[in-house]
Amino acid sequence: MNWDKETLKKWDKEYFWHPFTQMKVYAEEDNLIFERGEGVYLYDIDGNKYIDAISSLWCNVHGHNHPYLNNALVSQLCKVAHTTTLGSSNIPAILLTKKLVDITPPSLTKVFYSEDGAESVEIAIKLAYHYWKNKGKPRKKFVTLSEAYHGDTIGAVSVGGIETFHFTYKDLLFDVIRLPSPYLYCMENYGKLCDRGKEDLLSMLKEILEREEIVAVVLEAGIQAAAGMLPFPKGFLKGVRELTKKYDTLLIVDEVATGFGRTGTMFYCEQEDVSPDFMCLGKGITGGYLPLAATLTTDEIFEAFLGEFGEAKHFYHGHTYTGNNLACAVALANIELFEKEETLKKLKPKIEILSERLDEFFYVKYVGDVRQLGFMAGIELYKDKEKKEKFPYGWRVGFKVARKCWEKGVFLRPLGDVMVLMMPLVIEEEEINKVIDVLKESINEFEPQ
Ligand SMILES: *Cc1c(COP(=O)(O)O)cnc(C)c1O
């Protein structure tokens, strides 16, 4: 197909309906069309170079166009691109199951693949629900958190709690019990993340679990990322694990955003010594190369689905590309790179640099809150930072600041007025400093209407 830059820009606006994008506004603006990547850099069709400071939506780990990952992909490609895993198997998918079981908490011994984070949650929800049925003790309700984000399919939206994204569909969703968002609850009641806030939330959960039989508690690991980087009080996840054990309910931990090093450890669960009944993985699993997700679970769940064929106890769920050979091959190479390049060890000092430099934002105008967990950070802009008064939604303040960053060579995508930093784990100190400098400058230069 023949094209030049102008036709690309035209067709992009004419035919391409972009996700999470107001297309009327998109059509009026000049947008980025990327052509290639190298390490932490992306290049657009006009030849401009950007640091990918959001890891191409939180999934890139070792940089773009990495020779080791490319090589894994190409060598698998020369064998076969895809074979079905519905009742048959393939080499990279098998090797990856073993690897995933080895690196995740000890309770997790079974791997169910899918393609995107939302599906990995959808699968955990269905498995948990089905588990109780197979045990002859059906249950119906899930417990979730306000401000939760687990993806955009209907099941994942049902356990979500972000008003703007989710509540349009409320008549289509199943009923859940929602606890407050831990961060917002702590801030409102105590002005900071603290043990008292944590204890309050855990007693609310305890009350629910004493009152009702719950299918599962579903929550993100350590931080509600899509809600604008809202961390949990330390020990909250562990507390939830203890209660779900005590009251015989299941725990689904969504590590789609936090998994693969983002919080400083391979998985956040390690930091609180939590072994969940389900762990959902996506985003970083292929190092940002191909869509792949996984739902890990325990022997106990798995065994509830075993029976003679005629009993029809098995899990009737699968996607065409489940366990895709290419995606699994690159995922395996991604995990090998963590070991080979000591990615997590090298990340530690970078987390400290980020943390030190984030402190500078408290003195920047409009910055009302700065939040960090490991290598994930959110910087929230307010119209009035003292009173925590938000800018009107229609002003698109976060996006305007991000656009200024683009002009200065840093690619960002905010969450509302929260400027998100989710840099590839391999980024170097000098580049971290550039990202911070550019973001600070861009906020300083910003003039509200
Ligand atoms: C991004 C995300 C999802 C959804 O993943 P997709 O691949 O976009 O479907 C689910 N949970 C969390 C915590 C996420 O950050």
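This report walks through a predicted model of one protein chain, from its overall build to a few individual residues.

**The chain as a whole**

Let us start with the broad view. The secondary structure of the protein chain comes to 16 helices and 16 strands. Along the principal axes, its C-alpha atoms fill a box of roughly 65 × 60 × 45 Å. The radius of gyration is 22 Å, which agrees with the value near 22 Å for a compact globule of 449 residues.

Buried residues make up 54% of the 449 residues. Among the contacts with a separation of 6 or more, 69% come from residues 24 or more positions apart. On the outside, the protein chain exposes about 20700 Å², and carbon and sulfur atoms supply 54% of that area. The chain also carries 54 positive and 67 negative charges, and the mean positions of the two groups are 2 Å apart.

**Four residues at a glance**

Now we can zoom in. The table sets out where four residues sit and what relative accessible area each has.

| Residue | Place | Relative accessible area |
|---|---|---|
| S56 | helix α3 (residues 55-58) | 27%, partly exposed |
| N90 | loop between α4 (67-77) and α5 (91-103) | 6%, buried |
| E147 | loop between β5 (141-145) and α7 (154-158) | 25%, partly exposed |
| I285 | loop between β11 (278-281) and β12 (293-297) | 0%, buried |

**Two buried loop residues**

Where does the side chain of N90 reach? It goes to the backbone oxygen of G323, at 2.9 Å. Leaving aside neighbours within four places in sequence, N90 is in contact with T83, T85, G323 and N325. N90 counts as buried because its relative accessible area of 6% is under the 20% cut-off.

I285 is another loop residue, placed between β11 and β12. Which residues does I285 touch, not counting those up to four places away in sequence? They are L100, F260, L292, A294, A331 and N334. I285 and N60 are 225 residues apart along the chain, yet their C-alpha atoms are separated by 9.0 Å.

**Positive phi angles**

A few backbone angles are worth a look as you turn the model. S56, in helix α3, has a phi near 50°, a positive value in a residue other than glycine. E147 is not a glycine either, and its phi is positive at about 70°. S56 is partly exposed, with a relative accessible area of 27%, and E147 is partly exposed too, at 25%. A glycine joins this group: G409, just after α15, takes a positive phi of about 90°.

**Helix α15 and its cover**

That glycine leads us to the helix before it. Which residues of helix α15 (residues 397-407) are buried? They are V397, G398, F399, V401, A402, C405 and W406. Several elements cover these buried residues, and strands and a helix both take part. The strands include β3 (49-52), β14 (376-381), β15 (410-411) and β16 (418-421). The helix included in the cover is α16 (429-445).

**Looking back**

To find your way around, you might begin with N90 and its reach to G323, then move to I285 and its contacts, including F260 and A331. From there, helix α15 shows a set of buried residues, among them F399 and W406, with G409 just after the helix.

Definitions and conventions: Residues numbered from 1 in each chain as written. Predicted model: local features only at pLDDT ≥ 70, side-chain atom pairs only at ≥ 80, totals over all residues. Heavy atoms only, no water. Helix = DSSP H or I, 4+ residues; strand = E, 2+ residues; numbered from the N terminus. Buried < 20%, exposed > 50% of the residue type's maximum accessible area, 1.4 Å probe, protein only. Rg over C-alpha atoms; globule rule 2.2 N^0.38 Å. Contact = heavy atoms within 4.5 Å. Areas by Shrake-Rupley, 256 points an atom, 1.4 Å probe, with all protein chains shown as cover. Lys, Arg positive; Asp, Glu negative; His and termini not counted. Charge placed at Lys NZ, Arg CZ, Asp CG, Glu CD. Polar contact = N/O pair within 3.5 Å; in protein donor to acceptor, adjacent residues only side chain to side chain.
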